[in-house]
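Morning, everyone. Please have a look at the sequence and the structure on the screen, and then I'll walk you through a few places in turn.

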Amino acid sequence: MTKLLILGAGGHGKVIADTAEQTKAFDAIAFLDDRFNDGLNNILHWPILGTISDLNKISSNEYAIAIGIGNNSMRAEFFELAISLNFDIPNIIHPTAYISQYSTLGQGSVFFAHSVVNINAQIGNACIINTSASIDHDCVIGDFCHISPGVHLAGASRVGDRSWLGIGSVTKQQVEVGQDCVVGAGAAVIQNVYNNSIVMGVPARLKS
Ligand SMILES: CC(=O)SCCNC(=O)CCNC(=O)[C@H](O)C(C)(C)COP(=O)(O)OP(=O)(O)OC[C@H]1O[C@@H](n2cnc3c(N)ncnc32)[C@H](O)[C@@H]1OP(=O)(O)O
């Protein structure tokens, strides 16, 4: 057993803490958050030990790291920083999530309550697979993606690095969403989406 230190105590960080506690895999859970300088010392019973810039004072022998930051590019930066400081960044999987033993996971991703990853799916590093999202067979999700609550990806869909699929959006099978894309809440993606695009609506179209 080890301790878990979560970078960021906002909404996403709090869900990570709750999820990590449910796994019973950690002796203790704590945060770093910049509001420490404003006198914020705890969230519920979890202490805030310092600001995020205090990470280099923390021992990688004592703590594993989770990146509690929803913004995909910022999460990528902190992931690389934590790797460079030799921290372990485990996947954190809620006990109600179903992760096929025939799927492939990177490191540092979180899988919240009732999420599903089916056979032969691949999930990259530091992804958020949010509440009740489903990633079906043969999907490929890049690094630093956010698959929001209630998203459903049909079989063999692909999502590029740092893309954000908004709450309740869906993809048709074999569709590819490129890198650095945003798919709006409730969208139905039925054809490929180029890199750096924002799409929304049913069917999903480029935001003008
Ligand atoms: C646990 C959690 O909370 S995870 C977080 C979950 N949150 C989400 O999934 C949010 C996803 N984000 C969205 O859907 C956003 O609305 C975006 C990214 C698609 C667009 O955001 P913005 O660029 O700020 O667009 P803005 O709000 O200015 O709206 C622009 C136009 O698009 C429309 N629009 C915005 N979002 C959508 C959407 N999801 N579907 C259809 N139309 C939309 C607006 O009605 C507006 O139309 P108008 O010009 O005719 O008035």
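**A walk through the model**

Let's start at Ala126, which is buried, because 27 other C-beta atoms lie within 10 Å and the cut-off for buried is 20 or more. Keep in mind throughout that this is a predicted model. Where does Ala126 lie? It lies in the loop between β11, residues 122–123, and β12, residues 128–129. Now its backbone. Phi of Ala126 is near 50°. That is a positive value, in a residue other than glycine.

There is another alanine to put beside it. Ala156 also has a positive phi, about 60°, although it is not a glycine. You'll find Ala156 in the loop between β16, residues 152–153, and β17, residues 158–159. Is Ala156 buried or partly exposed? Partly exposed: it has 17 other C-beta atoms within 10 Å.

One more backbone point. The peptide bond from Val202 to Pro203 is cis. Omega there is near -5°. Pro203 sits in the loop between β23, residues 198–200, and β24, residues 205–206.

Next, the five-stranded sheet. What is its strand order? It runs β8-β11-β14-β17-β20. The sheet is open, and the pairing is parallel. Its edge strands are β8, at 104–105, and β20, at 176–177, and each of them pairs on one side only. Look inside the sheet for a moment. Strand β14, residues 140–141, is joined to β17 by two bridges, and the two run parallel. In that pair, Ile141 stands opposite Val159 of β17.

On to the ligand. Which residues are around it? Going along the chain, they are Asn130, Ser148, Pro149, Gly166, Ile167, Val182, Gly184, Ala185, Gly186, Ile198, Met200 and Gly201. By class, that shell has six nonpolar residues and six polar ones. It has no charged residues. When you count, remember that glycine goes with the polar class here.

Now the other end of the chain. The UniProt entry, which is unreviewed, carries the annotation "domain: PglD N-terminal" for residues 3–80. Over that stretch the chain is 28% helix and 27% strand. The C-alpha atoms at its two ends are 20 Å apart.

Here we meet an open sheet of three strands. The order is β2-β1-β5, again with parallel pairing. Why is one side of β2 and of β5 left without a neighbour in the sheet? Because β2, at 26–32, and β5, at 63–67, stand at the edges, and each has a single partner strand. Neighbouring strands of this sheet are turned by 25° against each other on average, ignoring direction.

Take the β1 pairings one at a time. β1 covers residues 2–7, and it pairs with β2 in the parallel sense over six bridges. Leu5 stands opposite Ala30 in β2. Ile6 has Phe31 as its bridge partner in β2. Helix α1, residues 11–23, packs on this sheet and touches β1, β2 and β5. Its direction makes about 175° with that of β2. On the other pairing, five bridges join β1 to β5, and these strands run parallel too. Lys3 has Tyr63 of β5 as its bridge partner.

How covered are the edge strands? β2 is mostly covered, with five of its seven residues buried. For β5, five of the five residues are buried, so that strand is largely enclosed by the rest of the structure. Tyr63, Ile65 and Ile67 point one way from β5, while Ala64 and Ala66 point the other way. All of them are buried.

Last stop: Ala82. Ala82 lies in helix α2, residues 72–84. Ala82 is buried, with 24 other C-beta atoms within 10 Å. What does it touch, leaving aside residues up to four places away in sequence? Ile65, Phe87 and Ile89. Ile65 is one of the β5 residues we just passed. There is also Leu55, which is 27 residues from Ala82 along the chain. Their C-alpha atoms are separated by 8.2 Å.

That's the tour. Questions, please.

Note on methods:
Residues are numbered from 1 along each chain as its sequence is written. This is a predicted model: local features need pLDDT of at least 70, side-chain atom pairs count only at pLDDT 80 or more; totals for chains, interfaces and linings use all residues. Two strands pair if DSSP finds at least two bridges between them. Helices (H or I, at least four residues) and strands (E, at least two) are DSSP runs, numbered from the N terminus. Axes are lines fitted to C-alpha atoms, for helices over the stretch in contact, and angles run from 0 to 180 degrees between N-to-C directions. Two residues are in contact if their C-beta atoms, placed from the backbone, lie within 7 Å. A residue is near a molecule or strand if its C-beta atom, placed from the backbone, lies within 6 Å of it. UniProt positions are given in the numbering used here, feature names are shortened, and annotations may be inferred rather than shown by experiment. A residue is buried if 20 or more other C-beta atoms lie within 10 Å of its own, exposed if 12 or fewer, and partly exposed in between; C-beta atoms are placed from the backbone.
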